[in-house]
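Q: Could you take one part of this structure and look at it closely with me, step by step? I am a first-year student, so please connect the details into one picture as you go.

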Amino acid sequence: MPRLPFSQGCGKARPMTLSRPLSAYLAFCRWLDRAALALCISAGLFLTGAVLAIVVLRYGFGLGFIQLQDAAGYAFAVLVAFSLPVTLARNGHVRVEAISERLPTAYLRAADAIALVLFLIPVFGLMIRAYWPELGYSWSIREGSVETGGMPGLYLVKTALPVAAAMMILQGIAQLLTPRVSE
């Protein structure tokens, strides 16, 4: 079992261990986070290069390239969708509380647990549920670009939204289940 630094017991500090299922879940969430981060970096780099190429082609040579514009839009959609779970996994999300730095850790953990149960899981679960018919239809017709001569595969890009929503739920639960050393 993976070992965490130390837990404060009665008198002596002893190493903390996680149960095998919890350890596997947290490892899976870390793997998902690394995959989403790699996807975000790739999409961001591609988006930067594509927009630069679009601008140079349009204003330098008077040429338009619809497929490249679609690819840039697809990269932007993927970047936005997957940056949410990446940010949550790094605890970089915006907190409503302006005084959260002064509050005790136990309060923050309880507030995070309440926010997870009352807001994060229901909102992103509803997003998946509400979007599912649209996604199913998009896959059934193998939806492509709305532009004439645009790129195919829009249905793959539309899949990013429910996948990212599911990752938000998984990362939120992982945040809650990850033991804190400072407690």
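A: Arginine 142 lies in the loop between α3 and α4, and everything said about it here rests on a predicted model. Its backbone deserves a careful look, since phi of arginine 142 is near 50°, which is a positive value in a residue other than glycine. Its side chain has a partner as well: arginine 142 lies over the face of tyrosine 155, at 5.5 Å from the ring centre. Tyrosine 155 itself has a relative accessibility of 15%, and because buried means under 20%, this residue counts as buried.

To place tyrosine 155 among the other rings, it helps to take the aromatic residues together. A search of the whole structure finds two aromatic pairs. In one of them, the ring centres of phenylalanine 28 and tryptophan 31 are 6.3 Å apart and the planes meet at 20°, so this pair is stacked. Both phenylalanine 28 and tryptophan 31 belong to helix α1, which covers residues 20–61, and they are three residues apart, about one turn of the helix. Phenylalanine 28 has 40% relative accessibility and therefore counts as partly exposed, and tryptophan 31, at 48%, also counts as partly exposed. Tyrosine 155, for its part, forms an aromatic pair with tryptophan 139 that is edge-to-face, with 4.7 Å from centre to centre and 75° between the planes. Because tryptophan 139 lies in helix α3 (residues 105–140) while tyrosine 155 lies in helix α4 (residues 154–158), this pair ties together parts that are 16 residues apart in sequence. The two partners differ in their surroundings, for tryptophan 139 is partly exposed, with a relative accessible area of 33%, whereas tyrosine 155 counts as buried.

The loop that holds arginine 142 can be followed further. Glycine 149 is also found in the loop between α3 and α4, and with a relative accessible area of 43% it is partly exposed. Leaving aside residues up to four places away in sequence, glycine 149 touches Ile66 and Gln67. Glycine 149 and isoleucine 66 are 83 residues apart in sequence, and yet their C-alpha atoms are 6.8 Å apart in space.

From there the view can move on to helix α2, which runs over residues 66–89 and packs with helix α5 (residues 160–177) at an angle of about 5°, the two axes being 8 Å apart. Such an angle makes α2 roughly parallel to α5. On the α2 side, the residues that meet α5 are Val78, Ala81, Phe82, Leu84, Pro85, Leu88 and Ala89, and their partners in α5 include Ala160, Val163, Ala164, Met167 and Met168. Sorted by type, the residues of this contact of α2 with α5 are 12 nonpolar, three polar and no charged. Alanine 166 is another residue found in helix α5, and at 30% relative accessibility it counts as partly exposed. Between alanine 166 and methionine 127 there are 9.4 Å from C-alpha to C-alpha, although these residues are 39 residues apart in sequence.

Finally, these details can be set within the chain as a whole. Its secondary structure comes to five helices and two strands, and read along the sequence it follows the pattern β-β-α-α-α-α-α. Of the 183 residues of the chain, 28% count as buried, and tyrosine 155 is one that counts as buried. Among the contacts in the chain with a separation of 6 or more, 66% come from residues 24 or more positions apart.

Technical notes. Residues are numbered from 1 along each chain as its sequence is written. This is a predicted model: local features need pLDDT of at least 70, side-chain atom pairs count only at pLDDT 80 or more; totals for chains, interfaces and linings use all residues. Side-chain values use heavy atoms; hydrogens and water are left out. Axes are lines fitted to C-alpha atoms, for helices over the stretch in contact, and angles run from 0 to 180 degrees between N-to-C directions. Helices (H or I, at least four residues) and strands (E, at least two) are DSSP runs, numbered from the N terminus. Angles under 35 degrees count as roughly parallel, over 145 as roughly antiparallel, 65 to 115 as roughly perpendicular and the rest as oblique. Contact means heavy atoms within 4.5 Å. Ala, Val, Leu, Ile, Met, Phe, Trp, Tyr, Cys and Pro count as nonpolar, Asp, Glu, Lys and Arg as charged, and the others, Gly among them, as polar. Rings of Phe, Tyr and Trp (its six-membered ring) pair if their centres lie within 6.5 Å; planes under 30 degrees apart count as stacked, over 60 as edge-to-face and the rest as tilted. Buried means under 20% relative accessible area, exposed over 50%, partly exposed in between (1.4 Å probe, protein chains only). A charge sits over a ring if NZ of Lys or CZ of Arg is within 6 Å of the ring centre and within 35 degrees of the ring normal.
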